[in-house]
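Me: I'd like to go through this model and ask, label by label, what earns each one. Can we start with how far to trust it?

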Amino acid sequence: MVEELVAAGVALTSAGAVYAMAAARVVKQYERGVVFRLGKLRSQVRGPGFTMIIPGVDKLRKVNMQIVTMPVPAQEGITRDNVTVRVDAVVYFKVTSPAEAVVRVEDYRFAVSQMAQTSLRSIIGKSELDDLLSNREKLNQGLELMIDSPAVEWGVTIDRVEIKDVSLPETMKRSMARQAEADRERRARVINADAELQASKKLAEAAKEMSEQPAALQLRLLQTVVAVAAEKNSTLVLPFPVELLRFLEKAQQGVAAAPPASVGPAAQPVQEQRPSPQPRLDPDPEGSISRQD
């Protein structure tokens, strides 16, 4: 009798151990357990730690609550200004409702991936090339809203969306390079013109000051001579007075404006010389010719 009791106890202990091993579950800190009892969802979500289920009756499904980083494959599309581009992005999302993520959608990861690809294509078609290159923050926000709207019903929250890279055709890259080069050249010319304007104003002010103080011009001339002679060179500097050039210029203008001078005594008016009348010959009635003056 004692042996039978011992055997029954051992069998019961073994069965209990087997049952405990079959029913015992461990949920990690970053996971949540969703229990289905006979195919029906239990309202209580198992938290992290040790938990028990009924073997053969309950089924525990663990859901990861960490932020998932999902790359979106590069999508090719045509922008609003008719430029073909390839854009790839990355989506950061996490599960906020484990029960809905398991019940409402078959595979929430695949669903989020497909929604991200379609939303990225839609964003490409609605945007211009300049927005894709320089205004990515606004596009990221719009893309996040487009993905987050249906994902909320799946128990998933989109944390953020980032556009990683925008690939352009080689012809477009060359065109943009030429445009940037032309813009830089234009700015360089504007800067040079502005510098010339400022220099001309300063030179005008300096000329005004030198005109009031003639000695300043001589000092400036001596400084120039010293600057040229400071280095070992064969440059010969001959100061030439500017006033002499101005005098010669005025003298040349005066000679050109004066009327031509007459040579010798004043010219007398010339009277018109008429030719003397020639004598007219009339025939004589008697056949002789007479001369009449």
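Reply: Sure. This is a predicted model, and pLDDT is the predictor's confidence in each residue, from 0 to 100. On that scale, strand β10 (residues 289–292) has the lowest confidence, with a mean of 43, while β7 has the highest, at 92. For the protein, the mean pLDDT is 80, and 83% of the residues reach 70 or more.

Me: What makes residues 262–273 a stretch to leave alone?

Reply: Their pLDDT stays under 50, and the model has zero contacts for them beyond four places in sequence. Residues 281–293 also stay under 50, though there the model has 15 contacts beyond four places in sequence. Where pLDDT is low, the coordinates should not be read in detail.

Me: How many helices and strands does the protein have?

Reply: Eight helices and 10 strands. The protein has 293 residues, and 21% of them count as buried. About 22200 Å² is exposed, with carbon and sulfur atoms supplying 57% of that area. As for contacts between residues at least 6 apart in sequence, 62% join residues at least 24 apart.

Me: Why is Thr 79 called buried?

Reply: Buried means under 20% relative accessible area. Thr 79 has 3%, so it is buried. Thr 79 sits in the loop between β6 and β7. Setting aside residues up to four places away in sequence, Thr 79 touches Val 85, Ile 124, Gly 125, Ser 127, Glu 128, Leu 129 and Leu 132.

Me: Val 85 is on that list. Which residues have the most contacts inside the largest nonpolar core?

Reply: Val 85, Val 91 and Phe 93, in a core of 36 residues. Elements that each supply at least two residues of this core include β2 (31–37), β6 (68–78), β7 (84–95) and β8 (156–167), along with helices such as α3 (108–126) and α5 (136–151). The largest share, seven residues, comes from α3. Beyond four places in sequence, the contacts of Val 85 include Gln 75, Glu 76, Thr 79, Ile 124, Leu 132 and Val 166.

Me: How do you know that Glu 76 and Arg 86 form a salt bridge?

Reply: The cut-off is a side-chain nitrogen of Lys or Arg within 4 Å of a carboxyl oxygen of Asp or Glu. For Glu 76 and Arg 86 the closest N and O atoms are 3.5 Å apart, so the pair qualifies. The pair links distant parts of the chain, 10 residues apart, with Glu 76 in strand β6 and Arg 86 in strand β7. Glu 76 is partly exposed at 42% relative accessibility, and Arg 86 is partly exposed at 40%.

Me: How many salt bridges are there by this rule?

Reply: Eight. Among them, Arg 160 and Glu 162 meet at 2.4 Å, N to O. Arg 160 has 41% relative accessibility and counts as partly exposed. There is also a network of salt bridges linking Asp 183, Arg 186 and Arg 187.

Me: Why is Arg 189 called exposed, when Glu 185 is called partly exposed?

Reply: Exposed means over 50% relative accessible area. Arg 189 has 57%, so it counts as exposed, whereas Glu 185 has 41% and counts as partly exposed. The two form a salt bridge, with their closest N and O atoms 2.9 Å apart. Both lie in helix α6, four residues apart, about one turn of the helix.

Me: And what makes Met 210 partly exposed?

Reply: Partly exposed covers what lies between buried, under 20%, and exposed, over 50%. Met 210 has 26%, so it counts as partly exposed. Met 210 lies in helix α6 (residues 170–212). Outside its neighbours up to four places away in sequence, Met 210 touches Ala 216, Leu 217 and Arg 220. The C-alpha atoms of Met 210 and Arg 220 are 9.3 Å apart, for residues 10 apart along the chain.

Me: Last one: what makes Ile 54 eligible for a nonpolar surface patch?

Reply: A patch takes residues with over 30% relative accessible area and no salt bridge. Ile 54 has 33% relative accessibility, so it clears that area cut-off while counting as partly exposed. Its partners in the patch are Tyr 19, Val 26, Phe 50 and Met 52, and the patch is about 500 Å². Ile 54 itself is in the loop between β4 (49–52) and β5 (58–64).

Technical notes. Residues numbered from 1 in each chain as written. Heavy atoms only, no water. Patch = residues over 30% accessible without salt bridge, like charges linked within 9 Å, V, L, I, M, F, W, Y side chains within 5 Å. Areas by Shrake-Rupley, 256 points an atom, 1.4 Å probe, with all protein chains shown as cover. Buried < 20%, exposed > 50% of the residue type's maximum accessible area, 1.4 Å probe, protein only. Core = buried A, V, L, I, M, F, W, Y, C linked by side-chain atoms within 4.5 Å. Contact = heavy atoms within 4.5 Å.
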